[in-house]
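The following paragraphs lead the reader through a protein–DNA model, beginning with the terms in which its surfaces are described. Please keep the structure in view while reading.

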Number of protein chains: 2
Amino acid sequence: MADEPIDATVADDRPAEQPAMSRRERARAATVDEIKNTALQLMREQGTTDFRFSDIARHMGMTAPALYRYFADRDELLTQLIVDAFADLGAAVAEERDRLPKDDPGGRFFAVAQAYRRWALGESQRFALILGMPVPGYAAPDEGSVTEAARGAMIELKSLFFDAIELGVLREPRFRDAPDPVCRFTAGRDDPMQPDDAPALSAETFQAMLHCWTALHGFTSLEAYGHLDWLPADAREGIFETNMRVVADAAGLPPPANAANSA
Amino acid sequence: MADEPIDATVADDRPAEQPAMSRRERARAATVDEIKNTALQLMREQGTTDFRFSDIARHMGMTAPALYRYFADRDELLTQLIVDAFADLGAAVAEERDRLPKDDPGGRFFAVAQAYRRWALGESQRFALILGMPVPGYAAPDEGSVTEAARGAMIELKSLFFDAIELGVLREPRFRDAPDPVCRFTAGRDDPMQPDDAPALSAETFQAMLHCWTALHGFTSLEAYGHLDWLPADAREGIFETNMRVVADAAGLPPPANAANSA
DNA sequence: GTGTTTCGTTACGTCCCATAACACTAATGA
DNA sequence: TCATTAGTGTTATGGGACGTAACGAAACAC
């Protein structure tokens, strides 16, 4: 039922990064995209992070073994989906964030939080894929690319704090006597929170930032997985926003510039 | 299917609640427990929420079809494991909470938070089972029992707030102008946060409580799923505690009575 | 003792993953 | 132009897993 572009979720705007692409290469890339999109569609339809190779093939009007021309096995496709999902989440967050000026870190955090939540709710399977428990039979084979993708997504939140610091608008966070996590910003470590251009960040601010993310993630993941279904949907929206406002306040972020912030 | 009590939730310490239990019934109950424990063991060993019926049988020196004498299918076993996990988490939290006096809600919340985290880290698969994304092919068949179990676990955190209110030690939370979630405490609704003896709870306090849980859950789940592995383990501990202190403060809970609270 | 219930087995059907062997298409090169 | 070759698909096959059916053995009831 979907032998058309379908969604093109990931393959949205990639104009012509590889102008030298033979006919075959283009066809192959298109098939790869179709496989990924079909997998995503099936995941959405069935509401799980699982998918059957044979289902994908059936959906595409192919036989299952043909898919092995494109992916060595199920795990390789899964890895690709994970990398794409990180990139997608990061892009979604960054886009919303950048709609507000740099000197409004409060508003920007709010935008980031809402984008994070919106993405998670709209793509709960992909959200679970990247930030939930590792999928059943899967053990990240290409450790590097996944880590790199995760790092890219997390940087979007981080840069917001760096901007705020440079602008001097970051209040002292409420994190009194916060213990200094040893690795806070020891350069060179390839952890996802590690920027290459890390300015000084106090232990308190580092924790405040982490607090923002974990609190944001906690509400979002519970909601995305249906564990807050007992709250009416419209109430959830308001509760989330209030939560984020409290978190931002604790982190020392100034309130959003323009009060009208409910997209 | 469920033609017997089966239950035997965790079957740890159940002295003799059913003295009238024939030899066969006892043997059956023991087998059921062994199946469940084997499933848990396999989940732990493989680090996933998935398990193969045939693996369990193999592990027990049986053949797979024999298991169908005890569980109608994989889902029924899964449901049991979920119900058990809720009960277990609730019990673990309640036990730690009750080690501190009722008039120390700050300390109690801290204890609850630590118990929640400890349980999640030690039983990450079961944690994912109950509070992560629904398992692949699973759709809660026995909606009632699962909801009931979830409700029981959540009440442990809630009761702490009610105690604090009754004692009058709950400061005004930092949740200014919090929108009132319609269902906040409209009695009768069978939502998990719904107590039968619900006293009045301001919208702000309700949100504060929810904030405590979601923030706690956010950090915990990220850590349990390995998404905070880039932080040194000992640092995580401290960061968590600081986080929880900030959250408790925002919620209006008083600080813990005795400062020595790092078990 | 016989008859019944319970528990386990083997045999089977179906579905999925993954590989192997084979067939068709299209780009390539003399 | 036409044979070569890589690329892409197919059917055939093996190995597992879920779940059912039919059957045997042991425990229980009388």
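In what follows, Ala, Val, Leu, Ile, Met, Phe, Trp, Tyr, Cys and Pro count as nonpolar, Asp, Glu, Lys and Arg count as charged, and the others, Gly among them, count as polar. Under that division, the surface near DNA strand C consists of eight nonpolar, two polar and eleven charged residues. The model is a predicted one, and its confidence is taken up at the end.

The account may begin with DNA strand C. There are 21 residues around this strand, of which F53(A), S54(A), T63(B), R69(B) and Y70(B) come nearest. In terms of secondary structure, α1 and α2 (53-59) of chain A and α1 of chain B each supply at least two residues of the surface near DNA strand C. The element that gives the most is α2(A), with four residues.

Which part of DNA strand C lies within 4 Å of the protein, sugar and phosphate or bases? Of the strand atoms within that distance, 66% belong to sugar or phosphate, and the rest belong to bases. Individual polar contacts to the phosphates can be located on both chains. From chain B, a polar side-chain atom of T63(B) lies 2.3 Å from a phosphate oxygen of DNA strand C, and a polar side-chain atom of Y70(B) lies 2.5 Å from a phosphate oxygen of this strand. From chain A, a backbone N or O atom of R74(A) lies 3.3 Å from a phosphate oxygen of DNA strand C.

DNA strand D can be followed in a similar way. Around it are 20 residues, and those that come nearest are R28(A), T63(A), R69(A), Y70(A) and F53(B). Sugar and phosphate account for 65% of the atoms of DNA strand D that come within 4 Å of the protein. Backbone atoms of chain B approach the phosphates of this strand: a backbone N or O atom lies 2.4 Å from a phosphate oxygen in the case of F53(B), 2.7 Å in the case of S54(B) and 3.2 Å in the case of R74(B). Two or more residues of the surface near DNA strand D come from each of α1 (23-46) of chain A, α1 (23-46) of chain B and α2 (53-59) of chain B. Here α2(B) gives the most, with four residues. By residue class, this surface comprises seven nonpolar, two polar and eleven charged residues.

The next topic is the contact between the two protein chains. Chain A and chain B each bring 52 residues to it. The size of an interface is often given as the accessible area lost when the parts come together. Between chain B and chain A the buried area is about 4,200 Å², with 75% of it given by carbon and sulfur atoms. On the chain B side, α5 (124-131), α7 (203-224) and α8 (233-251) each supply at least two residues. The largest share of that side, twelve residues, comes from α7(B). The side of chain B that touches chain A divides into 30 nonpolar, 16 polar and six charged residues. The two chains have zero salt bridges between them, but seven residue pairs are in polar contact, both residues being at pLDDT 80 or more.

Finally, how far does confidence extend along chain A? Its average pLDDT is 82, and 80% of the residues score at least 70. Residues 1-18 of chain A stay under 50, and the model has 23 contacts beyond four places in sequence for them. Residues 185-192 of chain A also stay under 50. Where pLDDT is low, the predicted coordinates should not be read in detail.

Conventions
Residues are numbered from 1 along each chain as its sequence is written. Chains are lettered from A and ligands numbered from 1 in the order in which they are written. Side-chain values use heavy atoms; hydrogens and water are left out. Contact means heavy atoms within 4.5 Å. Buried area is the accessible area (1.4 Å probe) that two parts lose on being put together, summed over both. A salt bridge is a side-chain nitrogen of Lys or Arg within 4 Å of a carboxyl oxygen of Asp or Glu. A polar contact is a pair of N or O atoms within 3.5 Å; within protein, one must be able to donate a hydrogen and the other to accept it, and residues adjacent in sequence count only if both atoms are side-chain atoms. A residue is near a molecule or strand if one of its heavy atoms lies within 4 Å of it. pLDDT is the predictor's confidence in each residue, from 0 to 100.
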